[in-house]
Amino acid sequence: MRWGDMDAYGHINNVQIVRMLEEARIAAFGAPRGAGLPGVDPPAALFSDVEEGIMTLVVEHKVRYVRTLEYRNIPAVVEIWVGAVKGASFDLHYVIKDPVTREDCVKATTHLAFVAEDTGRVLRLTPGQKEKLGRYQA
């Protein structure tokens, strides 16, 4: 959490919550190909290992605010796991917890798909992608 993430009520702003989901997703599954310089490898290099010309795109976010996430000068706790894996898309689930009380503050889901950059068409998940996702399914 950053000081600037607070809104006028002292809560972490809803836009920043979605940014925290993105940060957790990238930390767990890697940055999309070609983004930034090399760093620490993610636990499951699902996004950073996609072939040239394939984009990893968010189809939908669902965010439920269970309780307000107050600013603290320590990182929030974000749990992330894979939910449904379909033929051409998959869901990631998150819980953002207060880092001191460990109470659930936000429950969210992101629906993602791999898309061909040249055609804009959604691509079917490969057996290798499904296997990687399966390791993190709850």
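Here are some questions and answers about how the terms used for this predicted model are earned.

This is a predicted model, where local features need pLDDT of at least 70 and side-chain atom pairs count only at pLDDT 80 or more, while totals for chains, interfaces and linings use all residues. Residues are numbered from 1 along each chain as its sequence is written, and side-chain values use heavy atoms, with hydrogens and water left out.

Q: What makes β3 and β4 paired strands?
A: Strands are DSSP runs of E with at least two residues, helices are runs of H or I with at least four, and both are numbered from the N terminus. Two strands pair if DSSP finds at least two bridges between them. β3 and β4 have 9 bridges, in the antiparallel sense, so they pass that test. One example is Leu 92, whose bridge partner in β4 is Thr 110. Another is Asp 91, which stands opposite His 111 in β4.

Q: How do you know which other strands pair with β3 and β4?
A: Use the bridge count again. β2 and β3 pair over 7 bridges, with Ile 80 matched to Tyr 94 in β3. β1 and β4 (residues 104-116) pair over 11 bridges; Leu 57 stands opposite Ala 113, and Val 63 stands opposite Ala 108. Both pairings are antiparallel.

Q: Why are β1 and β2 said to stand at the edges?
A: The open sheet has 4 strands in the order β1-β4-β3-β2. β1 (54-65) and β2 (77-85) each have a single partner strand, so one side of each has no neighbour in the sheet. As for the twist, neighbouring strands are turned by 25 degrees against each other on average, direction ignored. Axes here are lines fitted to C-alpha atoms, for helices over the stretch in contact, and angles run from 0 to 180 degrees between N-to-C directions.

Q: What links the strands that form hairpins?
A: β2 and β3 form a hairpin with 3 residues between them. β3 and β4 form a hairpin with 6 residues between them, and Arg 102 in that turn has a positive phi of about 65 degrees.

Q: How do you know that the length of α1 agrees with its residue count?
A: The expected span of a helix is 1.5 Å times one less than its number of residues. For the 16 residues of α1 that gives 22 Å, and the end C-alpha atoms are 23 Å apart, which agrees. Helix α1 (residues 14-29) lies across β1, β2, β3 (89-97) and β4, at about 130 degrees to β1. Right after α1 comes Gly 30, with a positive phi near 90 degrees.

Q: Why is Ser 89 called buried?
A: Buried means under 20% relative accessible area, exposed means over 50%, and partly exposed is in between (1.4 Å probe, protein chains only). Ser 89 has 12% relative accessibility, so it counts as buried. Ser 89 sits in strand β3, where 8 of the 9 residues are buried. In β4, 11 of the 13 residues are buried.

Q: What makes the link between Ser 89 and His 111 a polar contact?
A: A polar contact is a pair of N or O atoms within 3.5 Å; within protein, one must be able to donate a hydrogen and the other to accept it, and residues adjacent in sequence count only if both atoms are side-chain atoms. The side chains of Ser 89 and His 111 are joined at 3.1 Å, so the distance fits the cut-off.

Q: Why is the pair of Phe 29 and Phe 47 called tilted?
A: Rings of Phe, Tyr and Trp (its six-membered ring) pair if their centres lie within 6.5 Å; planes under 30 degrees apart count as stacked, over 60 as edge-to-face and the rest as tilted. Phe 29 and Phe 47 are 5.6 Å centre to centre with 50 degrees between the planes, so "tilted" is the right word. Phe 29 lies in α1 and Phe 47 in the loop between α1 and β1, so the pair ties together parts 18 residues apart in sequence.

Q: What makes Phe 90 and Phe 114 a tilted pair, and are they buried or exposed?
A: Their rings are 5.8 Å centre to centre, with 40 degrees between the planes, so they are tilted as well. Phe 90 lies in β3 and Phe 114 in β4, so this pair ties together parts 24 residues apart in sequence. Phe 90, at 0% relative accessibility, counts as buried, and Phe 114 is buried with a relative accessible area of 1%.

Note on methods: Contact means heavy atoms within 4.5 Å.
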